[in-house]
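Reader: Hey, can you walk me through this protein? I'm new to reading structures.

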Amino acid sequence: MNIRLFILMVACIPNLSSCVYSASFGAPSSGPIEAVSLVAVLSNPASFDGNRLWVAGVINVEHEGDSLYLTKEHYRDRISKNSISLSFSYAALDAERSQLSKLNGKYVLVEGVLEADCQGHLGSRAACMSDVTQITTVN
């Protein structure tokens with residue numbers, strides 16, 4: 001089974017009626033990718049350091065605040081320690097910042113490389129995901 005399809009299915013199980021594909025930026029990576037829950041990344045980012053991952057969460061695109069939150073409540077209340085910072089590869093995504101910002105508050109799957117030693121702007125995040133090359137919405 002395609003790993004992205006599997007992740008989409010797992011992400012949609014809690015509320016099947018709200019899972020409708022609506023946007024995708026970037027192309028699939030050709031190398032190995034590990035599907036990991038954001039809970040696992042938040043609790044032990046060092047164990048995923050340097051790995052290319054697929055992670056699901058709620059996206060926020062804003063100046064010095066590009067991030068992936070665990071839940072919509074954490075996004076709404078800006079609980080930054082329950083998020084990871086994102087660094088986009090705009091060329092790979094074939095998208096502009098204004099297009100990505102339209103995804104704010106939506107559940108997405110993000111592909112990128114985890115950096116455990118980075119905590120984003122002012123050290124407020126649990127880790128960073130650099131080289132984000134694919135984003136797919138799940139609702």
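Author: Here is a chat about the chain, its core, its bonds and a few single residues.

Author: One thing up front: this is a predicted model, where local features need pLDDT of at least 70, side-chain atom pairs count only at pLDDT 80 or more, and totals for chains, interfaces and linings use all residues. Residues are numbered from 1 along each chain as its sequence is written, and side-chain values use heavy atoms, with hydrogens and water left out.

Reader: Okay, how many helices and strands does the chain have?

Author: Five helices and seven strands. Both are DSSP runs numbered from the N terminus: helices are H or I with at least four residues, strands are E with at least two. Starting at the N terminus, the order is α-β-β-α-β-β-α-β-α-α-β-β.

Reader: And how much of the chain is buried?

Author: Buried residues are 41% of the 139 in the chain. Buried means under 20% relative accessible area, exposed means over 50%, and partly exposed is in between, using a 1.4 Å probe and protein chains only.

Reader: What about the surface, what does it come to?

Author: About 6900 Å² is accessible, and 55% of that belongs to carbon and sulfur atoms. Those areas come from the Shrake-Rupley method with a 1.4 Å probe, and for residues only the protein chains shown count as cover.

Reader: Cool. Which residues touch the most other members in the largest nonpolar core?

Author: That core has 27 residues, and the ones touching the most other members are Val-41, Ile-59, Leu-68, Ile-84, Phe-88, Leu-100 and Ile-135. At least two core residues come from each of α2 (38–43), β3 (52–60), β5 (83–88), β6 (107–115) and β7 (128–137). By "nonpolar core" I mean a set of buried Ala, Val, Leu, Ile, Met, Phe, Trp, Tyr and Cys residues joined through side-chain atoms within 4.5 Å.

Reader: Why would they bunch up like that?

Author: In soluble globular proteins, nonpolar side chains tend to be buried together.

Reader: Take Val-41 then. What is it in contact with?

Author: Leaving aside neighbours within four places in sequence, Val-41 is in contact with Val-36, Phe-48, Leu-53, Val-55, Ile-84 and Leu-114. Contact here means heavy atoms within 4.5 Å.

Reader: Leu-114 is on that list. Is Leu-114 buried or exposed?

Author: Leu-114 has a relative accessible area of 0%, so it counts as buried. Leu-114 is in strand β6, and beyond residues up to four places away in sequence it touches several others, including Val-41, Phe-48, Ile-84 and Cys-128. From Leu-114 to Ser-47 is 67 residues in sequence, but 9.7 Å in space, C-alpha to C-alpha.

Reader: You mentioned a cysteine. How many disulfides does a search of the whole structure find?

Author: One. Cys-118 and Cys-128 form it, with their sulfur atoms 2.0 Å apart; the cut-off for a disulfide is a pair of cysteine sulfur atoms within 2.5 Å. Cys-118 is in the loop between β6 and β7, while Cys-128 is in strand β7, ten residues apart. The link of Cys-118 and Cys-128 is left-handed, with -55° about the S-S bond.

Reader: Are those two cysteines buried or exposed?

Author: Cys-118 is at 26% relative accessibility, so it counts as partly exposed. Cys-128 is at 4%, so it counts as buried.

Reader: Switching topic: how many aromatic pairs are there?

Author: Two. Rings of Phe, Tyr and Trp (its six-membered ring) pair if their centres lie within 6.5 Å; planes under 30 degrees apart are stacked, over 60 edge-to-face, and the rest tilted. One of the pairs is Tyr-69 with Tyr-75, edge-to-face at 6.0 Å centre to centre and 75° between the planes. Tyr-69 and Tyr-75 are both buried.

Reader: What sits over the ring of Tyr-75?

Author: The charged end of Arg-78, 4.6 Å from the ring centre. The rule is NZ of Lys or CZ of Arg within 6 Å of the ring centre and within 35 degrees of the ring normal. Arg-78 is in the loop between α3 (72–77) and β5, and although it is not a glycine, Arg-78 has a positive phi of about 55°.

Reader: And where does Asp-94 lie?

Author: In the loop between α4 (90–93) and α5 (97–101). Asp-94 also has a positive phi of about 55° without being a glycine, and with a relative accessible area of 66% Asp-94 is exposed.
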